[in-house]
Amino acid sequence: MQKFLERQFQLKKHGANLRTELLAGVIGFFTVAYIIVVNSSILSEAGIPKEAAILTTIFISVVGCLLMGFMANVPLIVIPGMGINALFAYTLVGSMGLTWQEALAAVTVSGILFMILAFTPLAEKLNNAIPLVLKQGITVGLGLFLVLLGLEKGQLVKPGKHGLLELGALNDPFVLATLLTLLLTLILVIRKVPGTFLWSLILGTGIGFLFGVNGQIGQMTLSLAPLKEVFFAFDFRGVTNIVFWSGVFTMTMVIVFETVGLTFGQTKQLKREKALPNVLRASSITVFLSGLFGTSPTVSALESGSLFASGAKTGLATVTTGLLFAASLVLMPFLGVIPNSAVAPILIVIGLSMLQEFKEMDLRDTASMLSALLIVVLIPFTYSIADGIAAGFIAYPILSLFTKKTERISIVMYVIAALFLLQFIIQWI
């Protein structure tokens, strides 16, 4: 076995050792295990059955980690992406009106397009054609959107008079449970406790029990039967509808920008830049499989940093994390007890962490600044990730015509803006 692992992952070549890789993989799993509950909670709001959503989240995480570990041999964890799952549930299904089966078809097509880009030099060219500040605006906008979703899921805000939001009642046990869990989660983050979100779920579930807002153990069973409801459940009947292709276009843009941006930085931090092409290929295949398996698209998790910090240098750590996801199936009967008051604080804190990208934004150019801020503001205010991104991408080349910019705007940027504008015009008609 040790000879196989050495041959497969080239441990000596990368200065790694077996014990460190395995331990890092275990730490990585406990860092991202929260995604099983949080992603399935968001998918269920799109209409996907809860048990099926849990199972498919686990399965795509297993497959994604194995693909990344064996294909790219780098310590990167692949799980359903926060923000992209919101795009799936609240924009494609909620705002655009696609069924969750049609949204899965859009994910499948996006995966195919991403594979075409990833197996050619086009992905990097597309990423380079878009100004960094616009991509950062998407991250910040998604962060605000996740904060809003967390506040609503935790009932900290609710619809009030004239369609405006108002604070939840402080004498409501559910609201109190959410607030206390949020406070503890923030403390865990400040103290940099390993596996913060997993501890947050555990503590939040205990607090929910004290306030009487829990579910019940046994509501879910250890059975793979629910997978039949989502595996290959995609529906291409909406393929002739412009809304379907609008969803595909937006999702592909977000997936490419987020994946290329994240993995470029991660491989650079690992000093494994030559592995980037294989990283993108593994990522694109997993996005494609997400549509087939019945879940929102995957990304290379930000929490992959827990692997680096633990000394991981090869894909063996990632494979270990994937195998632990498979082992987590035995927890199925216990997941029904976790209330939304324990899930909502995680959405809020992840959203807040994404807002840190704002301090990195270069806002000196007025056209870029206004376009990026349109994205940031409109994503949460329109409750549509697609519309927010479209507005910013349309505004940028138009506003740039009236500035004294010396660098030329890429033709690709004009094409993307034109496609977004066409999408808006068709929707209005």
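A residue counts as buried when its relative accessible area is under 20%. Keep that cut-off in mind as you click around, and remember that this is a predicted model.

**Stop 1: N73**

Select N73 to begin. You'll find N73 in the loop between α4 (50-72) and β1 (78-80). Is N73 buried or exposed? Its relative accessibility is 8%, so N73 counts as buried. Now check the backbone: the phi of N73 is near 55°, which is a positive value in a residue other than glycine. Here's some background for that: most residues other than glycine have a negative phi.

**Stop 2: the whole protein**

Zoom out and colour by secondary structure. The protein has 19 helices and four strands. Its radius of gyration is 21 Å, close to the 22 Å that the globule rule gives for 429 residues, so the protein is as compact as a globular protein of that length. If you drew a box around the C-alpha atoms along the principal axes, that box would be roughly 60 × 60 × 45 Å.

Buried residues like N73 have plenty of company: they make up 57% of the 429 residues. Try switching on the surface, too. About 18600 Å² of the protein is exposed, and carbon and sulfur atoms supply 67% of that.

Next, colour the charged side chains. You should get 26 positive and 20 negative ones, with the centres of the two sets 11 Å apart.

**Stop 3: T108**

Hide the surface and go to helix α6 (residues 100-118), where T108 sits. With 4% relative accessibility, T108 counts as buried. Which residues does T108 touch, leaving out those up to four places away in sequence? Show the side chains of F234, F236, F288, G291 and L292, and you have them.

Those partners have numbers a long way from 108, and that fits a wider pattern. Among contacts in the protein with a separation of 6 or more, 80% are between residues 24 or more positions apart.

**Stop 4: aromatic rings**

Show the aromatic side chains next. How many aromatic pairs does a search of the whole structure find? The count is 16.

For one of these pairs, select Y90 and F145. Their rings are edge-to-face, at 6.1 Å centre to centre and with 90° between the planes. Y90 is in helix α5 (residues 84-95) while F145 is in helix α8 (residues 132-153), so the pair ties together parts that are 55 residues apart in sequence. Both Y90 and F145 are buried.

Now select F232, F234, F236, F244 and W245 together. Ring pairs link these residues into a cluster. You've already met F234 and F236, which T108 touches.

**Stop 5: F232**

Stay with one member of that cluster, F232. Look for F232 in the loop between α10 and α11 (242-269). Its phi is near 55°, a positive value in a residue other than glycine, and N73 also has a phi near 55°. But while N73 is buried, F232 is exposed, with a relative accessible area of 54%.

**Stop 6: L210**

Finish in helix α10 (residues 196-211), the place of L210. Is L210 buried or exposed? With 70% relative accessibility, L210 counts as exposed. Before you close the viewer, add P173 and set up a C-alpha to C-alpha distance. L210 and P173 are 37 residues apart in sequence, and the distance in space comes to 9.4 Å.

Terms used
Residues numbered from 1 in each chain as written. Heavy atoms only, no water. Helix = DSSP H or I, 4+ residues; strand = E, 2+ residues; numbered from the N terminus. Rg over C-alpha atoms; globule rule 2.2 N^0.38 Å. Buried < 20%, exposed > 50% of the residue type's maximum accessible area, 1.4 Å probe, protein only. Contact = heavy atoms within 4.5 Å. Areas by Shrake-Rupley, 256 points an atom, 1.4 Å probe, with all protein chains shown as cover. Lys, Arg positive; Asp, Glu negative; His and termini not counted. Charge placed at Lys NZ, Arg CZ, Asp CG, Glu CD. Phe/Tyr/Trp six-rings, centres within 6.5 Å; stacked < 30°, edge-to-face > 60°.
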